[in-house]
Amino acid sequence: MAEDGSTPSLFSPYKMGKFNLSHRVVLAPMTRCRALNGIPNSALVEHYTQRATDGGFLITEGTIISPTGAGEQVEAWKKVVDAVHAKGSVIFCQLWHVGRASHPALQPRGIAPFSCTDKPISKRWRVLLPNGIYGVYPQPRKLETDEIPQLVEDYRQAAANAIEAGFDGVEIHGAHGYLIDQFLKDGINAMTGEYGGSLGNRCKFIMDVVRAVVAAVGADRVGVRISPAIDHLNALDTDPLSLGLAVIQRLNKLQTDCGCKLTYLHMTQPRYTAYGQTESGQTGSAEEEAQYMKAWRRAYQGTFICSGGFKRENGIEAVANGEADLVAYGRLFISNPDLPVRLKLNRPLNKYVRATFYTHDPVVGYTDYPFLKDDDKNSAPVSRL
């Protein structure tokens, strides 16, 4: 139920912590390789501005927290943030470290990537190299326990930098087979001692990061993204339901202890990946996956964002049925810069072109998708939904 007792809608206002949103269609974080030498440029300014609406919520692409994860540039991001704010949107910066999902060609001095394991990602997956060729993931270096505090500090400093750049908050990327998810999954984590083995120990790294970031910028500027049931980049876990509940239990306790809610928890459906679940089949049927999401939704004490292959109909249903407060769209938002308007008016959608997702072209497949023509809007309001 909404605060006024009505049934919530994908297009109705929502108060996300201290942020007043005019609708619940969120731009999902999507890395698209358009930053030149890792520095946001005018193409990114245009891309995010195109997708901004008055009272909308945008989450940026994964932004690397350190050179080994591969440098947040405060001044460059300010131009993006200022342009988005001018259109009335809220924007969070996603903090990202890929861990073993990297390559010496992407690392400073050509060093090996590192993780909580020395086992590489299987050859089923490929890494996009600077020359545009897809390569094989290399063997990572396994971290020593005494290296972890510096990684936590990197997240803290990146969060502080994001706020300095003008972002409204940050999303900690703990999903999709990247560094934090590597620590969480029992199919990857090979650490001994306090960061490996038991479920509680595997949750320690993400909670260290969340506490450090909350201390730096405040809980009301922090979102967390996890994907317990996704096997992307070999991120397997034998009990994804319990893993998700364990993280949620700890986030709830943190909120109680600090007396302030996180901005949101962002959960991804397994169907989000083009590879699907064909390798592991770990989560079973679509019905079972849906039950996981419902259990996590019931358990989390705060704003709940869902994402992963949503379309208009099931996005509307998710909010109306109370399965999510907000719905994040990725691929459809790539090809439809005015997606909230198209969804609300039930207008046809531009088809996305997967082949252009990860090119370096600043226009093609990035800022060249058309908007609805004025005649197609039937004079419907555009800026305020």
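**Notebook: strands, crossovers and a helix pair**

I started with N234, which sits in the loop between β11 and α7. The model I am reading is a predicted one. I looked up the backbone of N234 and found phi near 65°, a positive value in a residue other than glycine. Is N234 buried or exposed? Its relative accessibility is 11%, so N234 counts as buried, because buried means under 20%.

Next I checked L233. This residue also belongs to the loop between β11 and α7. Phi of L233 is near 60°, again positive in a residue other than glycine. L233 has a relative accessible area of 3%, so I noted it as buried.

**From β11 to β12**

I then followed the chain out of that loop. Strand β11 covers residues 222-226, and 4 bridges join it to β12. These two strands run parallel. I picked one bridge to look at: I226 has M267 of β12 as its partner. How does the chain get from β11 to β12? It crosses through helix α7, residues 240-258, and this β-α-β crossover is right-handed.

I stayed with β12, residues 264-268. How many of its residues are buried? The count is 5 of the 5, so the strand is largely enclosed by the rest of the structure. I sorted the side chains by direction. Y264, H266 and T268 point one way, while L265 and M267 point the other way. In a regular strand the side chains alternate between the two faces of the sheet.

Which strand did I check next beside β12? It was β13, residues 304-307, which pairs with β12 in the parallel sense over 4 bridges. Here L265 stands opposite F304 of β13.

**From β13 to β14**

I moved along to β14. β13 and β14 run parallel, joined by 3 bridges. The partner of I305 in β14 is L326. The route from β13 to β14 goes through helix α9, residues 312-320, and this β-α-β crossover is right-handed.

Strand β14 spans residues 326-329. I sorted its side chains too. L326 and A328 point one way, V327 and Y329 point the other way, and all are buried.

I also looked up β3, residues 25-27. This strand pairs with β14 in the parallel sense over 3 bridges. V25 stands opposite V327 of β14.

**H173 in β10**

I turned to a single residue, H173. It is found in strand β10, residues 169-174. H173 has a relative accessible area of 4%, so I wrote it down as buried. What does H173 touch? Leaving out residues up to four places away in sequence, I listed Q94, L95, W96, Y178, I180 and R225.

**Helices α1 and α2**

My last entry is a helix pair. Helix α1 has residues 42-50, and helix α2 has residues 74-86. Their axes come within 9 Å and cross at roughly 25°. That makes α1 roughly parallel to α2, because angles under 35 degrees count as roughly parallel. The crossing of α1 and α2 is right-handed. Which residues make the contact? From α1 I noted L44, V45, Y48 and T49. From α2 I noted W77, K79, V80, A83 and V84.

Note on methods: Residues numbered from 1 in each chain as written. Predicted model: local features only at pLDDT ≥ 70, side-chain atom pairs only at ≥ 80, totals over all residues. Heavy atoms only, no water. Buried < 20%, exposed > 50% of the residue type's maximum accessible area, 1.4 Å probe, protein only. Contact = heavy atoms within 4.5 Å. Pairing = 2+ DSSP bridges. Right-handed = clockwise from strand over helix to strand, strands pointing away. Axes fitted to C-alpha atoms, helices over the stretch in contact; angles between N-to-C directions. Parallel < 35°, antiparallel > 145°, perpendicular 65-115°, else oblique. Left-handed = near helix turned anticlockwise from the far one by under 90°.
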